[in-house]
Amino acid sequence: MTTNIHEFPAIAMIHTVPGIIPLFNELVGLHLPDWRPFNMLDESLLANTIREGALSHQTMRRLFTHIWSAVDAGASAVLVTCSSLGPAVDAAMPLCPVPIFRIDDGMAIEAIQRGNRIGVLATLSTTMNPTTRLIECHAQSMGKSVFITSRLCEGAFDRLRSGDRAAHDAMIREGLASLGGSVDVIVLAQASMANALNQMSEIPVPILTSPKLGVLHMSCALNVRSRRQDSAQS
């Protein structure tokens, strides 16, 4: 007997970098096996944000359009995998008819639980502020004080975009080495940075990445929501 995939609820994942799509499909398959993922890609959302130096109202509006298109396509939950778009995800949450998640929530919460001296490493300046603000907001809601040290790997994202992942990853490893002695934990601000850890020698502090922690956070939230719905119906 075969199972119709349409019996499973759907998760829409909105991406701005094509190379991370296989990773997220794998993570959803591992941690949300009863959900069916589908992907939406718009590289211009990030490209425009980089060009403009900040997340514009126009780009936010365009992301909202993608989110509502995902809902119209049958999504029962939405994950936005680009950290630079995080503030737009926050703005959409009160209006969206289905649960919507930003990829870095789980990572921010885990970092605060690991220590109060948190290093943030990014390859884009447009990601740095959303990531630090997210950590500060979660820390405030958790009643904890944090001290954040930021490092920007200038030019690394351009290397990745040109196809030179080896140079991109090497620049990230250099940034990690510069932070390791002064913080309790380091977060990588973008999902596209996680690959750099594959060839990383030991560093004295934990290094957190957003893809797995983000999917685990989403899985936990969706399971809690499902139990509450089941309880209300019983």
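Colleague: What makes you say that β5 is mostly covered?

Modeller: Of the six residues in β5, five are buried, and a residue earns that word when its relative accessible area is under 20%. Bear in mind that we're looking at a predicted model.

Colleague: Which strands make up the open sheet around β5, and in what order?

Modeller: There are four, in the order β6-β5-β7-β8, with parallel pairing. At the edges stand β6 (147-152) and β8 (207-208); each has a single partner strand, so one side of each has no neighbour in the sheet.

Colleague: How do you know that β5 and β7 are paired?

Modeller: Count the bridges. Four of them join β5 (residues 117-122) to β7 (residues 185-188), and at least two are needed for two strands to pair, so β5 and β7 qualify. Gly 119 stands opposite Ile 186 in β7, and Val 120 faces Val 187 of β7.

Colleague: How many bridges are there between β5 and β6, and between β7 and β8?

Modeller: Six link β5 to β6, running parallel; there, Val 120 is opposite Ser 150 in β6. For β7 and β8, also paired in the parallel sense, the count is two bridges. The minimum for a pair is two, so β7 and β8 still count as paired. Ile 186 has Ile 207 in β8 as a bridge partner.

Colleague: Which way do the side chains of β7 point?

Modeller: Val 185 and Val 187 point one way, Ile 186 and Leu 188 the other, and all are buried. The general rule is that side chains in a regular strand alternate between the two faces of the sheet.

Colleague: Which strands does helix α8 lie across?

Modeller: α8 (residues 165-179) lies across β5, β6, β7 and β8, at about 160° to β5. Anything over 145 degrees counts as roughly antiparallel, so that word fits α8 against β5. Among the buried residues of α8 are Ala 167, Ile 172, Leu 176 and Leu 179. Their cover includes β5, β6, α7 (156-161), β7 and β8.

Colleague: How do you know that the length of α8 agrees with what its 15 residues should span?

Modeller: At 1.5 Å a residue, the expected span is 21 Å, and the end C-alpha atoms of α8 are 21 Å apart, so the two values agree.

Colleague: Why is Arg 151 called partly exposed?

Modeller: Its relative accessibility is 31%. Buried would need under 20% and exposed over 50%, so Arg 151 falls in between. Arg 151 sits in strand β6. Not counting residues up to four places away in sequence, its contacts include Val 120, Leu 121, Met 128 and Leu 179.

Colleague: Now the other sheet. Which are its edge strands?

Modeller: The sheet has four strands in the order β2-β1-β3-β4, with parallel pairing. β2 and β4 (100-102) are the edge strands, each pairing on one side only. From one strand to the next the twist averages 20°.

Colleague: What makes β3 and β4 a pair?

Modeller: Three bridges, in the parallel sense, between β3 (residues 75-80) and β4. At least two are required, so the pair stands. Val 80 is opposite Arg 102 in β4.

Colleague: Why is Thr 16 called buried?

Modeller: Thr 16 has 6% relative accessibility, and the limit is under 20%, so the label holds. Thr 16 is in the loop between β1 (10-15) and α1 (21-31). Beyond its neighbours within four places in sequence, its contacts include Asp 42, Leu 45 and Cys 82.

Colleague: And Asp 42: buried or exposed?

Modeller: Buried, at 12% relative accessible area, which is again under 20%. Asp 42 lies in the loop between β2 (36-41) and α2 (43-52).

Colleague: What makes the link between the side chains of Asp 42 and Ser 44 a polar contact?

Modeller: The distance is 2.5 Å, and the cut-off for such a pair of N or O atoms is within 3.5 Å.

Colleague: What is the arrangement of α2 and α3?

Modeller: Their axes come within 10 Å and cross at roughly 170°. That makes α2 roughly antiparallel to α3, since the term applies over 145 degrees. Where they meet, Ser 44, Leu 45, Asn 48, Thr 49 and Glu 52 of α2 touch Thr 59, Arg 62, Leu 63 and His 66 of α3.

Definitions and conventions. Residues numbered from 1 in each chain as written. Predicted model: local features only at pLDDT ≥ 70, side-chain atom pairs only at ≥ 80, totals over all residues. Heavy atoms only, no water. Contact = heavy atoms within 4.5 Å. Axes fitted to C-alpha atoms, helices over the stretch in contact; angles between N-to-C directions. Expected span 1.5 Å × (residues − 1). Buried < 20%, exposed > 50% of the residue type's maximum accessible area, 1.4 Å probe, protein only. Polar contact = N/O pair within 3.5 Å; in protein donor to acceptor, adjacent residues only side chain to side chain. Parallel < 35°, antiparallel > 145°, perpendicular 65-115°, else oblique.
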